[in-house]
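Me: Please take a close look at a single part of this model: the core. Describe what forms it and what lies around it, and put it in the context of the whole chain.

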Amino acid sequence: MIEFRIDQRSGVATYVQLVQQVEQALRLGVLSPGDQLPTAREVVEATAINPNTVLKAYRELERAGLVEAKRGMGTFVRRSLGSGQTGRNSPLRYELAKWMGHARAAGLGKADLDALYTDVRAEHFPGP
């Protein structure tokens, strides 16, 4: 089950944060087709955001074909965004975790990792 975390200081609209978190969970294999998303009420209770914000995010996910709302039953995942290389047991994840351990041992902090990652990603994946 996904647990939403809202950052009110991020400058990103709350409904967009919800959409992005579901998409990330789909890419990482945390959510799979058939899984049920928390109800709007559950999200509101956990995050103290407006119910309409949750419903807007869920509608956006439905428009993208990622989830399906079933009246009286809830909202369910229709398809994954994962490639098989992003799941918990993937070799690439293992290598990245190992690399992160080396970076941490070398004294790099989160900001250093973010800067390094962003720079290297731009070299390998140019454009927006």
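Reply:
**The core and its surroundings**

Among contacts in the chain with a separation of 6 or more, 50% are between residues 24 or more positions apart. The model is predicted. The chain has 128 residues, of which 23% count as buried. It is built from five helices and two strands, in the order α-α-α-β-β-α-α from the N terminus on. Along its principal axes, the C-alpha trace spans about 50 × 35 × 30 Å.

The largest nonpolar core contains 19 residues, and the members that touch the most others are V22, L31, L37, Y58 and L61. Two or more residues each come from α1, α2 and α3 (51-63). The largest share, five residues, is from α1. In soluble globular proteins, nonpolar side chains tend to be buried together.

L37 shows how such a member is placed. Leaving out residues up to four places away in sequence, L37 touches I2, V22, L31, Y58, L61, V67, T75 and V77. Of these, V22, L31, Y58 and L61 are also among the core members with the most partners.

V77 leads on to P33, which lies in the loop between α1 (14-28) and α2 (40-47). Beyond its neighbours within four places in sequence, P33 contacts V77, R78, R79 and S80, so V77 is in contact with both L37 and P33. P33 has a relative accessible area of 48%, so it counts as partly exposed, the cut-off for exposed being over 50%. From P33 to T47, which is 14 residues away along the chain, the distance between C-alpha atoms is 24 Å.

Helix α3, which gives residues to the core, also holds a charged pair. R63 and E60 are both in α3, three residues apart, or about one turn of the helix. Their side chains form a salt bridge, with N to O at 3.2 Å. That distance meets the criterion because the limit is 4 Å. The count for salt bridges comes to one. R63 is exposed because its relative accessibility of 61% is over 50%. E60, at 32%, is partly exposed because it falls between the 20% and 50% limits.

For the chain as a whole, 17 positive and 14 negative charges have mean positions 4 Å apart. The exposed area is about 9200 Å², with 52% of it supplied by carbon and sulfur atoms.

Key
Residues are numbered from 1 along each chain as its sequence is written. This is a predicted model: local features need pLDDT of at least 70, side-chain atom pairs count only at pLDDT 80 or more; totals for chains, interfaces and linings use all residues. Side-chain values use heavy atoms; hydrogens and water are left out. Helices (H or I, at least four residues) and strands (E, at least two) are DSSP runs, numbered from the N terminus. Buried means under 20% relative accessible area, exposed over 50%, partly exposed in between (1.4 Å probe, protein chains only). Contact means heavy atoms within 4.5 Å. A nonpolar core is a set of buried Ala, Val, Leu, Ile, Met, Phe, Trp, Tyr and Cys residues joined through side-chain atoms within 4.5 Å. Accessible areas come from the Shrake-Rupley method with a 1.4 Å probe; for residues, only the protein chains shown count as cover. Lys and Arg count as positive and Asp and Glu as negative; His and the chain ends are not counted. The place of a charge is taken as NZ of Lys, CZ of Arg, CG of Asp or CD of Glu.
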